[in-house]
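Trainee: Could you take me closely through one part of this model, the aromatic rings and how they pair, and then show me what surrounds that topic in the rest of the fold?

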Amino acid sequence: MISAGGTGGGVYPALAVAGALRRLYDDLTLTFVGARGDMARDLVRRADVRFDGYHEVLAGPLHGIPRRGQIVSAAKIALGIVQSLILAIRLRPQALFLTGGWVGFPMAVACRLLRRPIVIYVPDIEPGLTLKLLGRYFAHTIAATVPETAAFFPGKRVVTTGYPLRPEILGASREAGTRALGLDPARKTLLVFGGSRGSRSINTAMAQVAPALLADGAQIVHISGQLDWETVQAQHAALSDEQRTHYQIHAFLPDIGGAFAAADLVVSRAGAATLAEYPELALPAILVPYPWAWRYQKVNADWLAERGAALRLDDERLGEELLPTVRALFGDGERLAAMRAAMAALRRSDGAENIAQLLVGQTER
């Protein structure tokens, strides 16, 4: 039984592990459990992974919301535990795999009551509040992207598996990505990516610096997300025909792996996927941690920066420092090549398979 939700950062690793389970083991029954009304439903249905069942239970957040919302969420969680228990009794899973999202708590309580093994995957270096709680009090085993995560779970079994990468990342190539996007191989390519929902501060900064970078001879692939799509379209339309030739905008890009592979440098947030997707494709990065949450993204960005693979640029300094930082890197081929080599040295492609084997090992105990 696999349970995840909240954001793509929780669902995509779960789907990658499910795909590895299907490839490695023929006789598995795979069931996915999401939260009612969560975005996981659409991602699961679009995924190229066959599940034997899809179910939803009630769940909700307790941290960072008003008191009234906490009361409503507490009631949902209580009902969700009952739903999860009924579901687990009926399906009798041999193991539960959690990657994040509010739905993890009711499912973990139910499977703990039935004495089913629980494996939790922590994608970020520092676990979020829910995963920290579940890891310390419910998990039999914790899978982690990097060894440093073990410090947050003293006394628990923590296995460094690597991040479970999606097939579209593993199969991407620079040549195919450049061709698919219609890029000029002679120009330096800057990829701008604010995550699946977009980043207003990154989009705003790009509107300011894009004309200067285009004048320098760079080309830009800007994935804005839906958040500011109309504004980004209007700003793009205000550019000259020549500038628009080398400045692509997309609200969403299905072949994100191709864009990562084709780019010489990326400007993005520092979600957990950056710890693996950028190393897999040797993509140097300017990381702008999301400032309105706990420090998870700052920890991720610093981990890559300390290894010479990325630069961290704080959100409040983005407007004044983005242009000179990009120019400095594009103007220093040796430094950019060193960052690319440092990123490639962190590559680990077998995360999904490692977690799949870990899960099957739990069922055989």
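Mentor: In this predicted model, ring pairs join Phe-32, Phe-51 and Tyr-54 into a cluster. The structure as a whole holds six aromatic pairs, and one of them, between Phe-32 and Tyr-54, is stacked, with the ring centres 5.8 Å apart and 10 degrees between the planes. Planes under 30 degrees apart count as stacked, which is the reason for that word here. Phe-32 belongs to strand β2 (residues 31–35) and Tyr-54 to strand β3 (residues 53–57), so this pair ties together parts that are 22 residues apart in sequence. Phe-32 has a relative accessible area of 0% and is therefore buried, whereas Tyr-54, at 26% relative accessibility, counts as partly exposed.

Another aromatic pair, formed by Phe-260 and Tyr-278, is edge-to-face, with 5.3 Å from centre to centre and 85 degrees between the planes. Because Phe-260 sits in helix α11 (residues 256–262) and Tyr-278 in helix α12 (residues 274–280), the pair ties together parts that are 18 residues apart in sequence. Phe-260 counts as buried at 1% relative accessibility, and Tyr-278 is buried too, with a relative accessible area of 2%.

Turning from the rings to the sheet, we find six strands in an open arrangement, in the order β10-β9-β8-β11-β12-β13, with parallel pairing. Strands β10 (247–250) and β13 (310–312) stand at the edges with a single partner strand each, so one side of each has no neighbour in the sheet. From one strand to the next, the twist averages 15 degrees. At one end of that order, strand β9 (residues 219–223) pairs with β10 in the parallel sense over four bridges, and Ile-223 has His-250 in β10 as its bridge partner. Helix α13 (residues 296–306) packs on the sheet, where it touches β12 (285–287) and β13, and its direction makes about 135 degrees with that of β13. Helix α14 (residues 318–330) lies across β8 (189–193), β11 (265–268), β12 and β13, and runs at about 160 degrees to β11.

Finally, there is a contact between two helices, α4 (residues 104–113) and α5 (residues 129–137), which pack at an angle of about 10 degrees with their axes 10 Å apart. The two helices are therefore roughly parallel to each other. On the α4 side the contact involves Gly-104, Phe-105, Ala-108 and Arg-112, which meet Leu-133, Leu-134 and Tyr-137 in α5, and the residues of this contact divide into five nonpolar, one polar and one charged.

Methods
Residues are numbered from 1 along each chain as its sequence is written. This is a predicted model: local features need pLDDT of at least 70, side-chain atom pairs count only at pLDDT 80 or more; totals for chains, interfaces and linings use all residues. Side-chain values use heavy atoms; hydrogens and water are left out. Axes are lines fitted to C-alpha atoms, for helices over the stretch in contact, and angles run from 0 to 180 degrees between N-to-C directions. Angles under 35 degrees count as roughly parallel, over 145 as roughly antiparallel, 65 to 115 as roughly perpendicular and the rest as oblique. Contact means heavy atoms within 4.5 Å. Ala, Val, Leu, Ile, Met, Phe, Trp, Tyr, Cys and Pro count as nonpolar, Asp, Glu, Lys and Arg as charged, and the others, Gly among them, as polar. Two strands pair if DSSP finds at least two bridges between them. Rings of Phe, Tyr and Trp (its six-membered ring) pair if their centres lie within 6.5 Å; planes under 30 degrees apart count as stacked, over 60 as edge-to-face and the rest as tilted. Buried means under 20% relative accessible area, exposed over 50%, partly exposed in between (1.4 Å probe, protein chains only).
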